[in-house]
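Q: Let's go through this one piece by piece, and I'll jump around a bit.

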Amino acid sequence: MRLRKFKIVNFKGITDSCFDWEDLVAFIGENNAGKSSALQALKWFLLGSQLKDEKFFRDHITDGENAMELIGTFEDLTEDEQQSLAVRGRMHGDSWIIKKRFWADGAPGEKEWQEKYFSYSSQERFRDWPTPDNSWSAFPENYQPIIEQIPDRGTRPNQQSREALKELVRAQRRDLIEAAEPAWLENPGGGGNWKSNANSLFPRLIFIEAVHDASVEAVSREASAYGKILGLIVEKRMMQRPEVLELKARLDAVLRLFSPDPTNGNGQAEEIRDLENRINTRLNEVVGGIVSIETSEVDIRPILLPSTELMLRDKVDSVKTPVMHQGHGLQRMLIMTLLQILAEVQAEPTAENATIVPRTVILAIEEPELYMHPQMERKMRDALYRLASQDGIQVICTTHSPVFLDMGQKHKAIVRVVKDDTRSIRFLQVKADLFTGVTANDDRNRLRLVTSFHPTINEVFFARRVALLEEQSAIAAFQKGSELIGLFQRHPHLRRDVTLIDADGKGNIPLFQQVLGHFSIPYTVIYDEDQGNPMAPSANARIESLIGTGSNSAYRVGPRDLESLLGYTAGKDKVYRALQQVEKLNSAGSLPAPFLEAINWLYFGQATEPVA
């Protein structure tokens, strides 16, 4: 089972947004944009706890009309998962879609917190099924031959025998089953076993918070992230040992004694069946009705595997201390080490006789780059991407580091979080391939090549505005010119708010335009007219066609190129020559007017400099 889509309604500043998820998702955005809110919402959804704190609700409004909703769409369910109590008969095509709704009734200080679970599916309708269905004689004639096949059906129907009848009808008389239009169906009885069974199927969550104070981790009521990751490593290595498989088989046999089998009446323990019949007999003497004893599905891994934790000592004879009491840098280094080992272990082949299929694990990390130098960031990135590519693990993170982004191959994994003037948060994500047609692979590979040699290019996702230029010498010339004319003194924010990108050639500029356009990142293109070059008209036209409307803009340096405009020649030291020429022209007070105009377009998206 994998979580393929997650929708968030009225959680903190998120009014109504969703994101798709294949294997890895990276949330980016400015500080306080709402990246961590998305991870917190996912945490509440997966852990199965009832939400009873108004600070998590949009504008702290908790009434029913403003209820919080968390909706997960799961795909790739195993056969066992599809046949489980919470899923069977509640899938929508190949998806299992679950909604959790939270709200509170009553006045402040007297609130009664509420929650409901729903599944989006087409409910089965069994034609001519009687209401009430508390006697076998109430069923019409076409059901009677099938009823005769139910083992130990009892004198009157109960929950197990009804389910057994439905299973037999599904197998023998599909013509008696109709499908209603898909709708949100509330869980049976408003909670109970269905709720716990649903939560037990969700992927396991390992949430690594951006801990700025070690005490935050130390007071956590849950097992530490270190212990959980270590547990996954141990599980992969230990769960296929003969001793563990034998123990699992014996536990399964014990659990079957408590679990009714609709197709085999003798599967349930005689003691349980007898107790159920005695309760029903006494109950019918008073009020009527039929009860059944049911048990929740059990995840036996916590039984089979001991709780794991890491302790650290400085030297052999020193005192052991928990990792959470160590320095921040060491904590993050240990996380990285464990994730690298986990990636290696997960890549190992699974034994052919494997009978224990592990639940999917969702690894959620806030700021994986925290306390790491650039080389360690890249190692952490490699470990996360490797983990995300393997079966059974999904990765989601928030980051301020361009190192963790892959514009060329993983642009669909990037979710840009934006908060508007009303404090409403929305997600911007590319959900289809950016590059299509016969040149798609070539375009994708070219962009990936550029970003791999210039990883800082991924900084475009963190910029308020982007300027796309053909080469590094153009960046050097415009930055130097802006500095010399005092632009950065008059507008101090410009140096950091506008990110200048070397596209490594005019032909790559449209690739960046497509990416920036889909993520609604405003940009300006400064490019050469290249008069006399027969390839220039089509290349220029493609750049201009992608500008579109809104705050994007383009400025063409003519009639030839920037070198001709400023009066320097190309060479191995082209960047130095550009800087030297700009300084020379400025000293003479003769910087060309088109060059100054291009500076305004680059930083302001218009021909003139606004008043500071």
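Q: Which strands does helix H17 lie across?
A: Helix H17, residues 509-518, lies across S17, S18 and S19, and its direction is at about 165 degrees to that of S17. Helices of at least four residues (H or I) and strands of at least two (E) are DSSP runs numbered from the N terminus, and the angles, on a scale from 0 to 180 degrees, compare N-to-C directions of lines fitted to C-alpha atoms, for helices over the stretch in contact, with contact meaning heavy atoms within 4.5 Å.

Q: Before I lean on that, where do the numbers come from?
A: This is a predicted model, in which local features need pLDDT of at least 70 and side-chain atom pairs count only at pLDDT 80 or more, while totals for chains, interfaces and linings use all residues. Numbering starts from 1 along each chain as its sequence is written, and side-chain values use heavy atoms, with hydrogens and water left out.

Q: OK, and what about helix H18, which strands does that one lie across?
A: Helix H18, which covers residues 536-545, lies across S19 and S20 and runs at about 170 degrees to S19.

Q: What's the strand order in that sheet?
A: The order is S18-S17-S19-S20, in an open sheet of four strands with parallel pairing, where two strands count as paired if DSSP finds at least two bridges between them. Strand S18 (498-502) and strand S20 (553-557) are the edge strands, each pairing on one side only. From one strand to the next, the twist averages 20 degrees.

Q: How many bridges hold S17 to S18?
A: Five, in the parallel sense, with S17 made up of residues 465-469. One example is Ala467, whose bridge partner in S18 is Leu500.

Q: Switching to S5: is it mostly buried or exposed?
A: Strand S5 is largely enclosed by the rest of the structure, because eight of its ten residues, in the stretch 96-105, are buried; buried here means under 20% relative accessible area, exposed means over 50%, and partly exposed lies in between (1.4 Å probe, protein chains only).

Q: What does S5 pair with?
A: Strand S4 (residues 68-75) pairs with S5 in the antiparallel sense over seven bridges, and Gly72 has Ile98 of S5 as its bridge partner. S5 also pairs with strand S6 (residues 112-121), again antiparallel, through eight bridges, where Trp103 is matched with Gln114 of S6.

Q: Which residue in the S5-S6 hairpin has a positive phi?
A: That is Gly106, with phi near 100 degrees, in a hairpin that has six residues between its strands.

Q: And how many bridges are there between S1 and S2?
A: Strand S1 (residues 2-11) and strand S2 (residues 14-20) run antiparallel and are joined by six bridges, with Phe6 finding its bridge partner in Phe19 of S2. Their hairpin has two residues between the strands, and Lys12, which sits in that loop, has a phi near 50 degrees, a positive value in a residue other than glycine. Lys12 is partly exposed, at a relative accessible area of 27%.

Q: Why point out the phi of a non-glycine?
A: Because most residues other than glycine have a negative phi, just as most peptide bonds are trans.

Q: Where does Arg423 sit, given its positive phi?
A: Arg423 is in the loop between strand S15 (414-419) and strand S16 (425-429). The phi of Arg423 is about 70 degrees, and this residue is partly exposed, with a relative accessible area of 48%.

Q: Which peptide bonds are cis?
A: Among them are the bond from Thr131 to Pro132, with omega near 0 degrees, and the bond from Gly558 to Pro559, with omega also near 0 degrees. Pro132 lies in the loop between strand S7 (124-126) and helix H3 (144-147), whereas Pro559 belongs to the loop between S20 and helix H19 (562-566).

Q: Back to the start of the chain, is Asp23 buried or exposed?
A: Asp23 is buried, at 16% relative accessible area, although this residue lies in a loop, the one between S2 and strand S3 (24-28). Leaving aside residues up to four places away in sequence, Asp23 touches Arg2, Ala388, Gln394, Val395 and Lys410.

Q: Last one: what about Ala164, buried or exposed?
A: Ala164, in helix H4 (residues 159-172), counts as buried at 2% relative accessibility. Its C-alpha atom is 6.6 Å from that of Ile150, which is 14 residues away along the chain.
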